[in-house]
Amino acid sequence: MQPLVDEHLRLTILELDFDLCVFAIVVFSEGGYRANLTSKYRPACPSVVVTSNASVARHTNMIYGQYAYQLSAPATPETESATLTAAVQFALDKSLCKAGATIAVISGVSAPGTDTVPKFGITVAPGVFVPSAASASAGVKTVSLRATAISPVSYTHLTLPTMSSTWGG
């Protein structure tokens, strides 16, 4: 049952990647399974994989769009919030997202001896996005090419062949 839940969670992330303009994804993954599911269809944003497993951290270097944030000890429910804050700061420091960016979070760390239930959330990177002066003064405007009116076409100037001239009758 767990793989099905994780697959649906991954599909939700991909939909939100397009709908909410997510700039990064933070994934808590000790075995690498959730991290690989997140990158399965190559989202348009990078994934920060939070793990204490050195093997998973090395493996993320080979997967498209994954960046490892390695912990010294596995995250627990008590340290999950602080670990998320540190992972978001890691993404900012590595220029994986900008200040004020929307970030999707797949977490669900478990206490020893309990089952892990995946959780999904949205957070915002600390800081405020300030556009550069060059882009603000450029005065770039979007031009719509959509037609707003359809003009009627007059076919009075066309002469159509008659049946008798076409069929030799």
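This is a short walk through one helix, one loop residue, two cysteines and a surface patch. Hi everyone, and please keep in mind that we are looking at a predicted model.

Let's start with α4, which runs over residues 80–93. Its 14 residues should span 20 Å at 1.5 Å a residue, and the end C-alpha atoms are indeed 20 Å apart, so expectation and model agree. Which residues of α4 are buried? They are Glu-80, Thr-83, Ala-87, Val-88, Phe-90, Ala-91 and Leu-92. And if you are wondering what they pack against, the buried residues of α4 meet β1, β2, β3, β4 and β5. For orientation in your viewer, β2 is 47–51, β4 is 102–107 and β5 is 119–124. After α4 comes Ser-95, and its phi is positive, near 60 degrees.

Now step back to the loop that leads into this helix. Between β3, at 66–70, and α4 you will find Leu-71. Is Leu-71 buried or exposed? With a relative accessible area of 15%, Leu-71 is buried, because the cut-off for that is under 20%. Leaving aside residues up to four places away in sequence, Leu-71 touches Val-50, Thr-51, Ser-52 and Thr-83. Thr-83 should sound familiar, as it is among the buried residues of α4. There is also a C-alpha distance to look at here: Leu-71 and Ala-54 sit 17 residues apart along the chain, and their C-alpha atoms are separated by 9.0 Å.

On to the cysteines. How many disulfides does a search of the whole structure find? The count is 0. A quick reminder: a disulfide is a covalent bond joining the sulfur atoms of two cysteines. For Cys-45, the closest cysteine sulfur belongs to Cys-97, and at 9.6 Å that is too far for a bond. Going the other way, Cys-97 has Cys-45 as its closest partner, again at 9.6 Å. The cut-off we need here is 2.5 Å between the sulfurs, so this pair does not qualify. As for accessibility, Cys-45 is buried at 5% relative accessible area, and Cys-97 counts as buried at 8%.

Last stop, the surface. Leu-20, Phe-120 and Ile-122 make a nonpolar patch of about 240 Å². Where does Leu-20 sit? It lies in the loop between α1, at 2–19, and β1, at 24–28. Its relative accessibility is 41%, which is why Leu-20 counts as partly exposed. The other two patch members, Phe-120 and Ile-122, fall within the 119–124 range of β5.

Thanks for listening, and I'm happy to take questions.

How values were computed: Residues numbered from 1 in each chain as written. Predicted model: local features only at pLDDT ≥ 70, side-chain atom pairs only at ≥ 80, totals over all residues. Heavy atoms only, no water. Patch = residues over 30% accessible without salt bridge, like charges linked within 9 Å, V, L, I, M, F, W, Y side chains within 5 Å. Areas by Shrake-Rupley, 256 points an atom, 1.4 Å probe, with all protein chains shown as cover. Salt bridge = Lys/Arg side-chain N within 4 Å of Asp/Glu carboxyl O. Helix = DSSP H or I, 4+ residues; strand = E, 2+ residues; numbered from the N terminus. Buried < 20%, exposed > 50% of the residue type's maximum accessible area, 1.4 Å probe, protein only. Contact = heavy atoms within 4.5 Å. Expected span 1.5 Å × (residues − 1).
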